[in-house]
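Let's take a walk through this one together, strand by strand and charge by charge. Have the model open and follow along.

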Amino acid sequence: MFWADKIAQEIKEKRGDGPLIIRDEKTMSGRVHIGSMRGVAIHGAVGEALTEHGVDNEYYYEINDFDPMDGLPAYLDEKEYEQHMGKQLKDVPAPDGKAKNYAEYFANEFLEVIAKSGYTPKYYRASELYESGKMDPYIKMALEGADKIRDIYKKISGSDKPEDWLPLNVRCEKCGKIGTTKVTSFDGGEVEYTCHEDLVDWAKGCGHQGKVSPFGGNAKLPWKPEWAAKWGAMNVSVEGAGKDHSTRGGSRDVANAIATEVFNIEIPFDVPYEFFLVGGKKMSSSKGSGSTSKDISDLFPQEVFRLALIGKDINKQINFEPEGETVPTLYDQYDKIALAHESGEEDDFTRLYEYCQLPEVRKDIPKAFLPRFSQLAYISQMPHVDLEEQVKEMKEAELTDLDKETLKNRLEYVKYWLSTYAPERYKFEIQESMPEVSLSDLQKKALATLADFVKENDEITGQMMHENLHAIKEELEIEPREFFTAIYNIFLNKDSGPKAGWFLSVLERDFVLKRLEEAGK
Ligand SMILES: [Zn+2]
């Protein structure tokens, strides 16, 4: 069974027909790594599956703008941002000076990527949640249950909190920083705190001491109690998390214990999932480009992007190599499951294909001819080629309007890929004049024989050319590799290239003849 169906079934057995709240979140501390899109998509696909299984559900996504700035991405000016370290992301200025704040600036790009993926969660901000007062009862419970929370940390994750520790960060009324304060007492209504210069090594406090209400957005809970509190405040029934949170004794275990033992709420159904790696690494958001959700989403149209996100079982790691074979392979995989679906097969793969489409078209998916991505990459680099004509030959039938539109669309992605990540072996340029190459006598003889064949035939199809190349190979007893290398050498100044028969047949006949004769001398 397809993984999303399996999870939906399990949820239905355990939680009934709903309505259920699904939730996920991302802290907007910088450009968002593609790994976070896996969470967006898994929660989205589970929501879609629940709907199909008759379970009423709503998917909420939190833009976390309430966390402190505790690290600086490499692409930002350190001098400019140093002063803001320790402030909440909502209080840090946007890098472009236009967006409402730092968090919104990065959210803008990420929300565009989510829109492209076709998942449609309802968005809310962490600041709104705190300011609405919905977190207040949990803040109170956490402060009053500080001893219990301390014990839970000790018991589950083995971390020691000092005797006087209180699970709260207050925003300093003087300097506005939240990462630098330590709460020292709670009297049921207000907390006393000190803003320390050296509490953390990533931000400097101002030394202010104050007393303030911890409610209504003046303070925030530390991450693990906060996670549990959000489940309560948002009435969450389903929430998964990446592998890094889901290890034994990890943040999920701690949050679970706080939820049951301190807040007395039901733990959401967990959907733990593996990493989405880029180039074998789980790069942090602080690193440069190439692995952000935007970078990866730019490589695919919606349906193939969805395949990249949900195509693997959630307990399997995705390793994405933008500069390797990942991109053409993913398009090939998409075409394969599309074909299987069209032929009426029904298995996990055709179900996956349905999930690559938006729910509203899933029952009646429009059928378009999908020209192979790598083939299109080659054709698009050939001068004087009628693309539609070539694709018509691939299809062996006339192209419909939808075929043409699909071709146009896919071609945009081919061109983008060729100009960005495509490996060298996919790129070529027809050499206008004969490159400097050294050919053996046998290679020359083969090329001269090929020239004769071109001379004798006015119209040569790819198939004819292919058969003739084979015949010459046999006749002259030349190794295929030796022969083809000679062809690629003289036309592309490279040792490899697209399928030779097809390649030669789409070049201008006179040009081919002249080059072969020149090389065969
Ligand atoms: Zn301060």
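**A walk through the model**

Start with a pair of charges: the side chains of Lys294 and Asp298 form a salt bridge, 3.1 Å from N to O. Keep in mind as you go that this is a predicted model. Lys294 is partly exposed at a relative accessible area of 23%, and Asp298 is also classed as partly exposed, at 24%.

That pair has plenty of company, since the structure holds 40 salt bridges. Side chains of opposite charge can pair when their charged atoms come close. Take Asp332 and Arg372, whose side chains meet at 2.8 Å, N to O. This pair ties together distant parts of the chain, 40 residues apart: Asp332 belongs to helix α13 (residues 326-342), whereas Arg372 sits in the loop between α14 (348-356) and α15 (373-380). Asp332 counts as partly exposed because its relative accessibility is 22%. Arg372 is partly exposed too, with a relative accessible area of 46%.

Another one to look up is the salt bridge between Glu398 and Lys392, at 3.5 Å from N to O. Here Glu398 is exposed, with 58% relative accessible area, while Lys392 is partly exposed at 27%. Salt bridges can also chain up: by sharing partners, they join Arg23, Glu25, Glu62, Asp67, Lys220, Glu226, Lys230 and Glu239 into one network.

Two members of that network, Arg23 and Glu25, take us to strand β1, where both are buried on one side along with Ile21 and Thr27. On the other side of β1 are Leu20, Ile22, Asp24 and Lys26, and these are buried as well. In other words, 8 of the 8 residues in this strand (residues 20-27) are buried. What does β1 pair with? Its partner is strand β2 (residues 57-64), in the parallel sense and over 8 bridges. To find your place in that pairing, look for Ile21, which stands opposite Glu58 in β2.

Just ahead of β1 there's a spot worth a pause. Most residues other than glycine have a negative phi, and most peptide bonds are trans. The bond from Gly18 to Pro19, though, is cis, with omega near 5°. Pro19 lies in the loop between α1 (3-15) and β1.

For a contrast with β1, hop over to strand β7 (residues 209-212). Its side chains alternate: Gly210 and Val212 point to one face and are buried, but Gln209 and Lys211 point to the other and are not. β7 runs antiparallel to strand β6 (residues 191-195), and 4 bridges join the two. Gln209 in β7 is the bridge partner of Thr194.

Back to backbone oddities, now with phi. Asn235 isn't a glycine, yet its phi is positive, at about 55°. You'll find Asn235 in the loop between α8 (223-234) and β9 (241-242), and at 56% relative accessibility it counts as exposed. Asn493 also has a positive phi of about 55° without being a glycine. Its place is the loop between α20 (480-492) and α21 (500-506), where Asn493 counts as partly exposed at 42%.

Last stop, the surface. Which residues form a negative patch there? They are Asp77, Glu78, Glu80 and Glu82. Glu82 lies in the loop between α3 (78-81) and α4 (102-117), and its relative accessible area of 52% makes it exposed.

Methods:
Residues numbered from 1 in each chain as written. Predicted model: local features only at pLDDT ≥ 70, side-chain atom pairs only at ≥ 80, totals over all residues. Heavy atoms only, no water. Patch = residues over 30% accessible without salt bridge, like charges linked within 9 Å, V, L, I, M, F, W, Y side chains within 5 Å. Areas by Shrake-Rupley, 256 points an atom, 1.4 Å probe, with all protein chains shown as cover. Salt bridge = Lys/Arg side-chain N within 4 Å of Asp/Glu carboxyl O. Lys, Arg positive; Asp, Glu negative; His and termini not counted. Charge placed at Lys NZ, Arg CZ, Asp CG, Glu CD. Buried < 20%, exposed > 50% of the residue type's maximum accessible area, 1.4 Å probe, protein only. Pairing = 2+ DSSP bridges.
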